[in-house]
Amino acid sequence: MIIEGKEKKWEIVCGLEIHCQIISESKIFSGASTRFGADANENVSFVDAGMPGMLPTLNRYCVHQAVKTGLGLRAKINKFSEFSRKNYFYADMPTGYQITQFQYPIVGEGVVTVDLEDGSSKDIRIERMHIEQDAGKSIHDIDSRKTFIDLNRAGVGLMEIVTKPDFRSPEEAGAFLKKLRSILRYLGTCDGNMDEGSMRCDVNVSVRPAGSDELRTRCEMKNVNSVKFVMQAIENEARRHVEVYENGGTVEQETRQFDPISGQTKVMRKKEFAHDYRYFPEPDLPPLVLTDEYIKQVADELPELPDAKKARFVEKLGLTKYDAMVICENKEVADFFEKAAAGHDAKKVANWLMGDFFAMLKRKNLTIDESPVSAENLGALVELIEKNVISGKIAKDVFEIMSETGDAPEKIVEEKGLKQVTDTGAIEAVVDKVIAENPDKVSAYKGGKTGLMGWFVGQVIKESKGKANPQIVNRLLAEKLN
Ligand code: MN
């Protein structure tokens with residue numbers, strides 16, 4: 001995206017830092033539960049509360065999840081990594097420091113391919129990913145004069161994914177977040193729900209004259225909590241920078257807050273630097289050392305990821321790139337599709353899935369797991385059309401009934417007598433009737449108005465209550481009228 005200034009054209013330079021809550025039964029350095037929705041301070045161990053003498057113990061499963069995620073990001077897994085203390089005071093962090101990774105993160109450089117609206121794709125480079133603990137929550141809205149602290153979230157494992165400043169438009173950042181969420185969900189390492197805070201995005205934005213490769217001062221917006229807001233924040237912040245530069249000002253490095261209501265950003269604090277946190281190696285935890293065997297073992301467990309699935313659907317099942325992209329974004333949808341398409345025309349199944357089926361889910365406000373139409377029944381419906389048992393038009397009515405009753409299409413077609421008439425004799429009788437009843441149209445047709453053919457076909461189909469096979473109707477009409 002190019003921003004037209006008064007004097008020149010500007011380009012956006014943006015990078016993202018995403019905190020992703022690790023799916024794990026217990027916290028990263030204690031045995032306390034991570035269950036969402038528990039009563040306040042129910043899931044708090046002495047370690048999480050920062051009691052004197054308590055020591056952290058690294059959760060093996062969180063490491064496993066992080067390595068899995070790193071492999072899913074096509075990233076280098078660092079066999080040596082180290083934990084550090086990041087020191088700062090916050091009321092919902094009783095230890096006064098966060099255990100994180102600084103100099104030696106568990107995951108190094110990787111890459112995520114994003115799919116853009118115009119059908120093209122772009123590789124976004126990952127700088128690193130480290131693991132760390134989350135802080136608790138300060139609750140300000142229960143009492144006007146008191147703040148309450150809930151430590152249930154304190155110590156929950158996080159993966160912090162940092163990208164290179166590779167985004168040139170809000171759309172690219174939006175596409176990246178969707179792709180990242182899709183990969184994490186396929187892997188089962190983070191549920192990716194931004195509105196519940198299990199995926200939180202910090203946005204770094206700067207601008208530069210279009211075509212140059214300089215990197216100017218950036219501003220950071222913390223914890224933007226939806227894809228839409230991230231996109232808005234990037235655009236509005238970039239426009240603010242352009243305005244500052246074009247009015248002869250300088251952009252200061254600072255942390256800003258995005259206000260979803262106005263869509264604007266406002267200053268929160270002047271940016272702190274890494275040295276302000278007095279990072280030092282965590283004395284209570286040894287370095288984390290992984291073996292090649294261990295990394296290979298995790299790699300062997302990886303499921304087929306969205307890109308691989310998409311490529312397979314295009315190459316083996318003949319889907320268009322766009323259809324494959326839409327279907328593969330969500331693993332449940334991809335699984336449903338594969339089940340429905342087994343043994344049938346995959347393209348036709350995809351059309352039904354993305355058309356009537358998605359529209360039905362949306363109308364009924366259901367997830368695909370709650371669909372009254374099973375994958376097998378959707379496949380069976382397509383087969384009935386393929387085998388000319390019903391026409392595409394009747395199939396729409398059958399589908400409506402399926403989505404109400406959940407019945408198999410064969411049963412509905414049988415019970416309602418919807419089978420297509422392919423008996424030439426029966427159709428011929430209807431064709432003759434239509435011709436006999438419309439002599440004026442017949443002579444108009446013979447006089448050159450051949451466009452009337454469609455009208456005749458429509459009449460015969462209507463007369464047969466939609467059941468006459470359209471190919472036979474066309475053939476018979478052509479024979480009799482020409
Ligand atoms: Mn962090």
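**Helix pair, manganese site and domains**

Biologist: At what angle do helix 2 (residues 170–187) and helix 3 (residues 227–246) pack?
Modeller: This is a predicted model, where local features need pLDDT of at least 70, side-chain atom pairs count only at pLDDT 80 or more, and totals for chains, interfaces and linings use all residues. Residues are numbered from 1 along each chain as its sequence is written, and side-chain values use heavy atoms, without hydrogens or water. The axes of helix 2 and helix 3 (DSSP runs of H or I, at least four residues; strands are E, at least two) are 8 Å apart, and their angle (0 to 180 degrees between N-to-C directions) is about 155°.

Biologist: Is helix 2 roughly parallel or antiparallel to helix 3?
Modeller: Helix 2 crosses helix 3 in a right-handed sense (near helix turned clockwise from the far one by less than a right angle). Contact (heavy atoms within 4.5 Å) involves residues including Leu-177 and Arg-181 of helix 2, and Val-230 and Ile-234 of helix 3. The packing angle of about 155° therefore makes the pair roughly antiparallel (over 145 degrees).

Biologist: Which protein residues are donors of the manganese ion?
Modeller: The donors (N, O and S atoms within 2.8 Å of the metal) follow the spacing H-x112-E-x27-E. They lie 2.1 to 2.2 Å from the ion and are His-19 (NE2), Glu-132 (OE) and Glu-160 (OE).

Biologist: How many residues apart in sequence are the parts tied together by His-19 and Glu-160?
Modeller: His-19 and Glu-160 are both buried (under 20% relative accessible area, 1.4 Å probe). His-19 lies in strand 2 (residues 9–21) and Glu-160 in strand 10 (residues 157–163), so the separation is 141 residues.

Biologist: What distance separates the centres of domain 1 and domain 3?
Modeller: The domain assignment gives domain 1 (2–298), domain 2 (306–416) and domain 3 (424–481). Taken over C-alpha atoms, the centres of domain 1 and domain 3 are separated by 66 Å.

Terms used. Domain bounds come from an automatic or database domain assignment. Donors are N, O and S atoms within 2.8 Å of the metal (3.2 Å for Na, K and Ca); water is not among the atoms, so sites may look incomplete. Buried means under 20% relative accessible area, exposed over 50%, partly exposed in between (1.4 Å probe, protein chains only). Angles under 35 degrees count as roughly parallel, over 145 as roughly antiparallel, 65 to 115 as roughly perpendicular and the rest as oblique.
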